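Hi,

Here is the structure I promised to pass on to you. Have a look at it first, and then read on for what turned up.

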Amino acid sequence: MVSSTAWLISIRWWAGLGVLALTWLATMVLAINLPALPLYGIGLAILAYNAVFEVMRRRLLAEGLPHAWAFGQMTRLQIALDYVAMAALIHFSGGLESPATIYFIFHIIIAGTLLSPRATYLYTTLAVGLVGTTAALEYFGLWPHVRVPELANSGLYQKPLYALGNLFFFATALYVTAYLVATLNVRLRKRAAEVIELSERLRRAYSRLQTLYENAQAANSTLELAKVLDRFVQSTARAMGVRACSICLLDETGTRLNLGAAFGLSERYMSKGDLILEANPLAREVMAGRTIITADARTASDLQYPADAVAEGICSMLSAPMRGKEKPFGLLRAYSTERNHFSQEDAEFLAAIATQGSIAIENAMAFQALSQLNEGKSKFVLTVTHELRSPVGVIRSLLRTMLSGYTGPLADQQRDMVERALHRTDALQNLIDDLLDLAAGKSELGIPEERVKVRLDQAVEYVVKQFQIPAQEKQIRLEWHCEPANRSLLISATHEGIERVLGNLVSNAVKYTRPEGCVQLRLRRTDSEIYLQVSDTGIGIPEEAVPHICEEFYRAPNAKAIEKEGTGLGLAIVKNLVEHWGGRITVESKLGQGTTFTLIFPTVRD
Ligand code: ADP
């Protein structure tokens with residue numbers, strides 16, 4: 001209506017100017033004997049009331065209120081005034097004999113375009129009435145007929161047949177026009193409504209697509225099952241625009257579904273109990289792969305806990321299966337506080353969300369199972385190694401006693417065999433120590449530890465001292481560089497742990513460096529971090545082995561070639577401990593030239 005009013009006003013300027021121009025042309029140029037004054041008057045009047053409407057329109061717009069009604073009224077008033085102006089124009093240009101009568105068609109088209117069919121017919125009748133009344137008044141001499149001999153045979157208006165015939169064709173032309181315009185307009189409006197509806201659906205589809213994408217992102221952003229489930233129910237509730245959402249997961253027996261995560265539900269409702277498939281026809285249907293709308297929880301007969309749902313204020317539900325690679329493994333449910341809230345379209349959307357989320361949830365479930373297995377394995381290794389430690393220790397000391405001759409002299413062959421046995425038990429002892437160290441670094445195994453502030457320079461000095469003799473034996477220079485400013489830097493760790501870490505790195509550096517080589521340790525810092533470098537001029541690490549060196553039991557081929565013994569656990573221990581203390585480890589290496597390990601710790605203030 002707002003834009004129609006502006007349009008109507010803009011055309012009317014031309015109509016007013018047209019009346020003025022045509023009057024001037026007819027009277028001044030063509031010298032037609034027309035009453036110029038009233039006709040100019042009509043032209044000016046059209047321009048004048050148009051100006052008033054323009055001012056009104058601007059005011060209404062400036063007020064910024066919801067003014068559809070005001071604009072509607074204004075349009076009707078404009079059309080009514082136009083009709084009066086048109087009737088006057090017809091009268092002053094020769095009444096029924098005037099060629100201007102045909103112009104009423106434009107007005108009908110305008111009314112038909114802007115108003116309802118009913119209003120269009122009403123205005124058509126008004127037009128016919130106005131022209132008819134003018135003709136009748138002139139016919140009966142009540143309104144003096146304006147004679148325009150140059151345009152029409154004068155006196156025609158008094159011929160009843162002419163007058164009636166003219167009126168008849170005028171009226172039918174107008175009604176047919178009104179009918180055509182109104183019908184076309186109704187169809188156009190229907191189409192426009194369809195387009196609006198379609199674009200609204202398109203907008204909804206787009207926003208749902210967006211939500212699906214966000215859901216996928218939320219669910220895939222972690223592998224922790226509890227977090228994945230929590231994020232998933234939250235984003236699903238938001239996506240569906242409902243109060244609550246939950247996920248129930250099938251247990252190992254495959255007979256009941258227990259609550260995995262919920263959003264927007266009360267503690268009481270969440271603790272109502274598991275969904276037992278045998279007692280819950282709806283859950284059975286969903287686990288068979290169907291998405292089910294429960295339009296009214298109060299009257300639904302297939303729910304297991306209808307009373308709890310009603311008490312929770314839940315009026316309708318939508319349940320979709322979470323499908324795994326092989327079969328459904330859970331149930332995703334949206335809850336609404338309105339009855340009949342969910343449409344078929346909602347059902348399809350929830351099913352799509354469930355399908356998409358299933359992948360992330362299955363991954364998280366697999367990850368959780370793997371983590372549990374891994375934890376179990378580590379615990380098992382820890383127990384076994386613990387049990388092995390003392391018998392191996394006893395065997396070593398017995399073998400040593402035999403070698404020292406306390407148990408009597410040994411023949412050469414016996415001595416050789418005992419020495420070999422001792423050598424192998426030493427290797428076994430190393431493996432046991434490493435496995436226990438590794439377990440100590442794994443926090444999830446629950447090994448108690450008290451972290452303290454450790455002076456890194458003192459720990460390095462202690463370890464360097466320990467390895468001076470083995471290094472000298474191999475003719476390797478072992479150097480420790482620390483600027484005075486970097487002394488007494490603190491990290492949060494355990495004394496035993498940091499010595500284990502440094503011991504592993506320095507012993508590796510000495511082990512994998514050829515005689516005449518050099519091993520150096522350096523300490524430096526930034527505002528937030530402390531860097532400890534252990535570099536050597538040793539055999540280096542092949543490029544393809546670098547990503548694996550911190551994996552448990554991994555040993556690079558060049559290391560195995562020069563040093564038969566080794567567990568491949570040292571760096572795994574180092575990495576575990578350092579990361580456990582909030583630090584990290586990096587390695588740079590060039591095959592045949594040397595390796596630098598850097599430990600990076602967060603600074604700790606004294
Ligand atoms: P181990 O020393 O018992 O083999 P580690 O876990 O300490 O086990 O080290 C894993 C592997 O990393 C080593 O086998 C070796 O291939 C490589 N590595 C570690 N430190 C060095 C080093 N300083 N120079 C060259 N290779 C190294």
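Into which domains is the protein chain divided? Before the answer, please keep in mind that this is a predicted model. There is domain 1 (2-195), then domain 2, which is made of two segments (221-265 + 272-365). Domain 3 (373-442) and domain 4 (452-602) complete the division. Between the C-alpha centres of domain 1 and domain 3 there is a distance of 114 Å.

Next, a helix pair you may like. Helix H4 covers residues 104-114 and helix H5 covers residues 117-139. Their axes are 9 Å apart, and the two pack at an angle of about 160 degrees. Angles over 145 degrees count as roughly antiparallel, so H4 and H5 are roughly antiparallel to each other. Their crossing is right-handed. On the H4 side, the contact is made by Phe104, Ile108, Ala111 and Gly112; H5 brings in Thr120, Tyr123, Thr124, Ala127 and Val131. By character, six residues of this contact are nonpolar and three are polar, with no charged ones.

Finally, a single residue: is leucine 30 buried or exposed? Leucine 30 sits in the loop between helix H1 (2-29) and helix H2 (36-63). Its relative accessible area is 54%, and over 50% counts as exposed, so leucine 30 is exposed. If you want a long distance to look at, leucine 30 and lysine 511 are 120 Å apart in space, C-alpha to C-alpha, and 481 residues apart in sequence.

Happy to talk it through whenever suits you.

Best wishes

Conventions. Residues numbered from 1 in each chain as written. Predicted model: local features only at pLDDT ≥ 70, side-chain atom pairs only at ≥ 80, totals over all residues. Heavy atoms only, no water. Domains from an automatic or database assignment. Axes fitted to C-alpha atoms, helices over the stretch in contact; angles between N-to-C directions. Helix = DSSP H or I, 4+ residues; strand = E, 2+ residues; numbered from the N terminus. Parallel < 35°, antiparallel > 145°, perpendicular 65-115°, else oblique. Left-handed = near helix turned anticlockwise from the far one by under 90°. Contact = heavy atoms within 4.5 Å. Nonpolar A, V, L, I, M, F, W, Y, C, P; charged D, E, K, R; others polar. Buried < 20%, exposed > 50% of the residue type's maximum accessible area, 1.4 Å probe, protein only.
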